[in-house]
Amino acid sequence: MVQAPAKSKPILTIWDEFEHALSTPRYEQRGRERVLMSGQIHGQSANGSGQSMAGLAGRFSWTTYDVSTLLPVGWQDELLSIARDRRSFKVLKPPHSTSREAAEVSRIPVLTVKGPILRLAVPWLIRLYSCEFRSLASVYAREEAFVAADKRYAVVMNVQENDTSRYECHIDTNPIVGLLYVTTHPKGDGGELVVANNQFASNVTEVDRDASVLYPAAGHLVFFDGRRHPHYVRSLVGSDIRVAVAMNYYLAGNPESSRPEDLNLYLYGQT
Ligand SMILES: [Fe+2]
């Protein structure tokens, strides 16, 4: 008789068990002592590493999909050419409620291809944003993700050139950001996304002190929640251009209507 293969455990079950392990205290008897081994405890180490399990659970994490095969032939050259020809220059002027910059930083020049331009120039990108990428965002969030109705920030292209500075250190206001990398930047090349594990980091120095670093790879789509993790992009060192498409998604509990009213004024100079 042929035996049925053992069923693998559903992913959601594994996740639930992980959450349960983090929230349920677990003790071990060591001699006369009953030692707390795991569980949601604050301000003390539960794992011997000096960091509580709750602290580790709050560490930054992200999800990457290789979406190369979802992209049309010639996608990279097309987006690079739009980045070079259609980018515009603007200056961000911190402080803002979303900025995490030191007091002495008062101006950060940046290059972007504006959302309405992208919408007209690259219709296939907008279709992916609304369909396949939105589905992946929903899988990542484990609930339905929604696109942004406002064309200014739904999909934009961030461009860095070797004579422009890093991107601003900030937090996001939407629960899911998707980044489609158009260029590749290995370690040592600059242009990496640096994300604080410490939600209270208030400037680049503090972010750098304990950060997760993401190295862009062309054709990869990264999803993360940057609302509690200050982040910035380092200046380029070895490349002449860095291009990433930034896509904003929302969830029912954090809808587009919750976007701060003054954020558009800060980013685009208009409400
Ligand atoms: Fe961000």
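User: Happy to look at this predicted model with you. Two strands count as paired if DSSP finds at least two bridges between them. What makes β10 and β13 a pair?

Analyst: Good place to begin! Strand β10 (residues 193-196) and strand β13 (residues 231-233) are joined by three bridges. The cut-off is at least two bridges, so they pair, and they do so in the antiparallel sense. One residue match to look for is V194, whose bridge partner in β13 is Y232.

User: Which sheet holds these strands, and in what order do its strands run?

Analyst: It is an open sheet of four strands, ordered β8-β13-β10-β11, with antiparallel pairing. Neighbouring strands in this sheet are turned by 15 degrees against each other on average, direction ignored.

User: Why are β8 and β11 called edge strands?

Analyst: Because β8 (167-170) and β11 (211-214) each pair on one side only. In general, strands of a sheet pair through backbone hydrogen bonds.

User: R59 caught my eye. Where is R59, and why is R59 called partly exposed?

Analyst: R59 lies in the loop between α2 (53-57) and β3 (63-66). There are 14 other C-beta atoms within 10 Å of R59. Buried would take 20 or more, and exposed would take 12 or fewer. The count of 14 falls in between, so R59 is partly exposed. As for its surroundings, the C-alpha atoms of R59 and V195 are separated by 9.9 Å, although these residues are 136 apart along the chain.

User: What makes a group of residues a nonpolar core, and which residues have the most contacts inside the largest one?

Analyst: The members must be buried residues of nonpolar kinds, such as Ala, Val and Met, joined through C-beta atoms within 7 Å. The largest such core has 36 residues, and A137, V155, M157 and V245 have the most contacts inside it. Strand β14 gives the largest share, six residues. In soluble globular proteins, nonpolar side chains tend to be buried together.

User: Which residues does A137 touch, leaving aside those up to four places away in sequence?

Analyst: A137 touches A145, I176, G178, F223 and Y249. Touching here takes C-beta atoms within 7 Å.

User: Which residues belong to the second, separate core?

Analyst: That core has 15 residues, including V110, C169, A196 and Y232. Y232 is also the bridge partner of V194.

User: And how much of the whole protein is buried?

Analyst: Of its 271 residues, 29% count as buried. The protein has nine helices and 14 strands. Among contacts between residues at least 6 apart in sequence, 74% join residues at least 24 apart.

Key. Residues numbered from 1 in each chain as written. Predicted model: local features only at pLDDT ≥ 70, side-chain atom pairs only at ≥ 80, totals over all residues. Helix = DSSP H or I, 4+ residues; strand = E, 2+ residues; numbered from the N terminus. Contact = placed C-beta atoms within 7 Å. Axes fitted to C-alpha atoms, helices over the stretch in contact; angles between N-to-C directions.
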